[in-house]
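Colleague: I would like to learn how to read the surroundings of a ligand and a pair of aromatic rings. Could we go through an example step by step?

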Amino acid sequence: MLDRSPIRTDWTREEAETIYNQPFMDLLYEAHTVHRQHFDPNQVQKSKLLSIKTGGCAEDCAYCSQSARNGAKLSASKLIEVERVIAEARKAKEGGATRYCMGAAWRSPKDRDMASLTAMVEGVKALGMETCMTLGMLDDDQVIQLKGAGLDYYNHNIDTSERYYSEIITTRTFADRIDTLNRVREAGIKVCAGGIVGMGEQQMDRIDMLLALATLEEHPDSVPVNMLIPIADTPLADVKPLDPIEFVRTIALARILMPRSHVRLSAGRTDMTDELQAMCFFAGANSIFVGDTLLTADNPEEDTDTMLFNRLGLSAMDVGCDGAR
Ligand code: SAM
Ligand code: DTB
Ligand code: SF4
C-alpha cells in the first residue's frame, strides 16, 4: 500500500501511474477521501478573469487564439486602463467572485507597463478581493514590483509535459516556465500553475505534467486544469477531443498528488455536462472561473453556474478563507 496521506514533493512516476490507472471507482474514492481531509467538499472557489491586453502575442502556443503567429483572426489591443479594470473587478465582486485574475497576451511585460500593472493590483486589492495576474515570463525586478503592490497569486502554466512541450510551443522552453515559477515563489507570491489537456498528448504526458508540478519545491497553491478549447485556425483546431473519463482521472491525480492545492476546473466547461463537472468536483476540483467569458473564449453563463451550484448544494468559498481544513 502506497503512503499517500502526507504532503509530498517526492512522488515517483510509478506511484503517479499506479494512482492514475487504478480502477476508476477506486481512484474516485481515493481522491475524494484526500479532498475531504483537506477541504470542505461542498465549497468551490469562484474566480473571475479579465483580459487586460488581448491578442497580438509574440509566442506561438499552438492552442491559443491570441498568438500573432497562429492564423486566428483576433485583433491586438493595448493594455486597458486601470480605472476600467477596477470597475470590472467591482462588478465581479458584486457577482460573488472572491479572486480577480488579470491576464495579458504577452511573452513578458515591458518595463513601461509596470506602473499600470501595479496600480491595477492595488486598486483591486482595495476592493477586498484577492489578486492574480498572468502576464508571461517575469524577471526579478518585475516580480519584486508586483509583490510590492500586494499581488497575491501569479498564474504561469507549464501547459504540458516536458516531453510534449516543443510540439505545442517553440518560442520558449519548459525550463523558462519553471524559472519564472521559482522566481515568483521565492518572492513570496503564491503560485498558480497548471496546464491544458486534450491537446493530442499521451496519457503519460498528463501524468508527467502533474508530476512536474507535484515535485516542485512547494506545490502550487492553485492548479488549473484546462480542457483544450479548440480555436478555429490554430494548429490544434481539429484535435480529437479527450475522453471525459481521462479528464476526471487527471483531476483526481492532481488532488491526490497535491492535497492542499486548489484544483481548478478551468477552461472548457461550456462543453462539459453538469454530470461531468459534478464528477470533477467529487474528484477534488474546488475552484472555477465564473462569468460568460474567460480571456477570449466562452465560459458558462452566470445563471447556468448558479443552477449547477444549487443542484449540487455547492456554495462559494469566502475570500480570506482558502477553504482548507
Ligand atoms: N500570456 C500569458 C501566458 O501564456 O502565460 C498569460 C495568458 S495565457 C492565455 C493563460 C493560459 O490560458 C495558458 O497558459 C493556457 O494554459 C490557457 N489557455 C490559453 N488558450 C487556451 C485554450 N484554447 N484552451 C484551454 N486553455 C487555454
Ligand atoms: C488558466 O489556467 N486558465 C485561464 C487562466 N489560467 C488565465 C485562461 C483560460 C483561457 C481560455 C482561452 C481563452 O479565453 O482565450
Ligand atoms: Fe501568448 Fe499566453 Fe497565448 Fe501563449 S498562451 S500565445 S504566451 S497569450
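Modeller: What follows takes the ligands in turn and then the aromatic rings; the model is a predicted one.

Colleague: Let us start with ligand 1. How many residues surround ligand 1, and which are the closest?

Modeller: A shell of this kind is a list of residues with a heavy atom within 4 Å of the molecule. For ligand 1 there are 17 residues, and the closest are A104, N157, D159, R177 and I229.

Colleague: Which classes do the residues of the shell around ligand 1 divide into?

Modeller: The shell around ligand 1 has 10 nonpolar, 5 polar and 2 charged residues.

Colleague: Where are polar atoms of the protein placed against ligand 1?

Modeller: Here one looks for pairs of N or O atoms within 3.5 Å. A polar side-chain atom of D159 is 2.7 Å from an oxygen atom of ligand 1. Two backbones also take part: a polar backbone atom of A104 lies 3.1 Å from a nitrogen atom of the ligand, and a backbone N or O atom of I229 lies 3.0 Å from a nitrogen atom of ligand 1. As for cover, ligand 1 on its own has 550 Å² of accessible area, and the protein covers 90% of this. The space that ligand 1 takes is the largest cavity.

Colleague: Which residues surround ligand 2?

Modeller: The list for ligand 2 is L49, S65, T134, N155, N157, P224, N226, F289, L294, L295, T296 and A297. Sorted by class, this shell has 6 nonpolar and 6 polar residues, and no charged ones.

Colleague: Which atoms of ligand 2 lie 3.2 Å, 2.8 Å and 2.5 Å from N155, L295 and T296?

Modeller: For N155, a polar side-chain atom is 3.2 Å from a nitrogen atom of ligand 2. For L295, a backbone N or O atom is 2.8 Å from an oxygen atom of the ligand. For T296, a polar side-chain atom is 2.5 Å from an oxygen atom of ligand 2. Taken alone, ligand 2 exposes 400 Å², of which the protein buries 88%. The space taken by ligand 2 is the largest cavity.

Colleague: And what is around ligand 3?

Modeller: Around ligand 3 are C57, E59, C61, Y63, C64, S67, A105, W106 and R172. By class they give 6 nonpolar, 1 polar and 2 charged residues. Ligand 3 sits in the largest cavity.

Colleague: Now the rings. How many aromatic pairs does the structure hold?

Modeller: Such a pair is described by the distance of the ring centres and the angle of the planes. The structure holds 1 aromatic pair. The ring centres of Y165 and F174 are 5.7 Å apart and the planes stand at 80 degrees, so this pair is edge-to-face.

Colleague: Are Y165 and F174 buried or exposed?

Modeller: A residue counts as buried under 20% relative accessible area. Y165 is buried because its relative accessibility is 3%. F174 is at 9% relative accessibility, so F174 counts as buried.

Conventions:
Residues numbered from 1 in each chain as written. Chains lettered and ligands numbered in written order. Predicted model: local features only at pLDDT ≥ 70, side-chain atom pairs only at ≥ 80, totals over all residues. Heavy atoms only, no water. Polar contact = N/O pair within 3.5 Å; in protein donor to acceptor, adjacent residues only side chain to side chain. Areas by Shrake-Rupley, 256 points an atom, 1.4 Å probe, with all protein chains shown as cover. 1 Å grid on protein atoms, 1.4 Å probe; cavity = no way out; pocket = protein on both sides within 12 Å on 5 of 7 lines; lining within 4 Å. Sits in = over half its atoms within 2 Å of the grid points. Nonpolar A, V, L, I, M, F, W, Y, C, P; charged D, E, K, R; others polar. Phe/Tyr/Trp six-rings, centres within 6.5 Å; stacked < 30°, edge-to-face > 60°. Buried < 20%, exposed > 50% of the residue type's maximum accessible area, 1.4 Å probe, protein only.
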